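Dear colleague,

I am passing on to you the structure we spoke of, together with some notes on what came out of going through it. Please read the notes with the model open beside them.

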Amino acid sequence: MSDAIIQLQALQFAWKPNQPVLHIDELTINKRHKMFIKGPSGCGKTTLLALLGGILKPQQGQITLLGQDLTQLTDSQRDHFRSEHIGFIFQMFNLLPYLSVLDNITLPCRFSQKRQQRIKDKQSTPQAEAKQLVATLGLPENVLSKPVTELSIGQQQRVAAARALIGGPEIIIADEPTSALDYDARKSFLSLLFEVCDAHQATLLFVSHDPTLETLFDNTLSLMDINKAASHHLSGQDNIHLLKEVG
Ligand SMILES: Nc1ncnc2c1ncn2[C@@H]1O[C@H](COP(=O)(O)OP(=O)(O)OP(=O)(O)O)[C@@H](O)[C@H]1O
């Protein structure tokens, strides 16, 4: 059986007509891999994650996750697929300020039968699972009843990770979730994230501008190397850099 969990083929995406942002002939990511995704600002990293997460739909090509081509699904089927199989950790964490930490973490279980079932299969409950994740991610248990607005940035980041991981989705997508932290905090967050991903056998896609984190990952994807559209839409910005250097 193939080890691939994500496959892209002949993918093309543009936000505006005739201004391609992504053009990727082929990309395969294997199960349980931890992939570091890098590339200069504006080269399409966030756009790629949104396509992989089924938030956006490409104009051309296939995006196959767990054997399902997302481009064949309707918008609501893609939303459903995402809630069942993908955990997102965003740069700004996107926690809901009017909910407690516990309610934020268990929220994805309300929308996903599969996440609920995986927890049931372990003879657990979403609440018990949240407690365990919070402990593994190095947060005190009393944090669960607090409003998220009372947490530090580092604590919010761990809560966002727990919310992505609850119910064991097969794919975790993280977009610059460590940029607000210092180096030691970034490294310790990553080792905890890796630990939970390993325990859940999850595949991790992680976008970051921090080159010091790259060696901690199994693989690196340099988007500039595979994105045929990058030279096209970044050329304007490159010219600005050149002009600055010359000037
Ligand atoms: N919602 C949007 N509408 C129109 N254009 C967009 C939108 N989001 C991004 N773009 C454009 O698409 C290109 C890729 O943006 P994207 O955010 O994917 O890059 P990135 O590599 O993640 O950048 P950064 O590292 O700065 O976050 C950029 O030229 C950007 O201006």
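Ala-128 and Ala-135 are exposed on one side of helix α5, whereas Pro-126, Glu-129, Ala-130, Leu-133 and Val-134 of this helix, which spans residues 126-136, are buried. Seen down the axis of α5, the buried residues fall within an arc of 135°, and they therefore line one face of the helix. What covers these buried residues includes α3 (101-111), α4 (113-121), α6 (153-165) and α7. After α5 comes Gly-138, which has a positive phi, near 80°. Please keep in mind throughout that this is a predicted model.

A second place to look at is Pro-177, which lies in the loop between β7 (171-175) and α7 (183-200). Pro-177 counts as buried because it has 26 C-beta neighbours inside 10 Å, the cut-off for that term being 20 or more. Leaving aside neighbours within four places in sequence, Pro-177 is in contact with Ile-89, Gln-91, Gln-157 and Ala-160. Its C-alpha atom is separated by 5.9 Å from that of Phe-90, although the two residues are 87 residues apart along the chain.

Finally, there is an open sheet of four strands, in the order β2-β1-β4-β5 and with antiparallel pairing, in which β2 (19-30) and β5 (68-69) are the edge strands, each pairing on one side only. Strand β1 (residues 4-16) pairs with strand β4 (residues 60-65) over five bridges in the antiparallel sense, and Leu-8 has Ile-63 in β4 as its bridge partner.

With best wishes

Note on methods:
Residues numbered from 1 in each chain as written. Predicted model: local features only at pLDDT ≥ 70, side-chain atom pairs only at ≥ 80, totals over all residues. Helix = DSSP H or I, 4+ residues; strand = E, 2+ residues; numbered from the N terminus. Buried ≥ 20, exposed ≤ 12 C-beta atoms within 10 Å, placed from the backbone. Contact = placed C-beta atoms within 7 Å. Pairing = 2+ DSSP bridges. Arc of directions from axis to C-beta.
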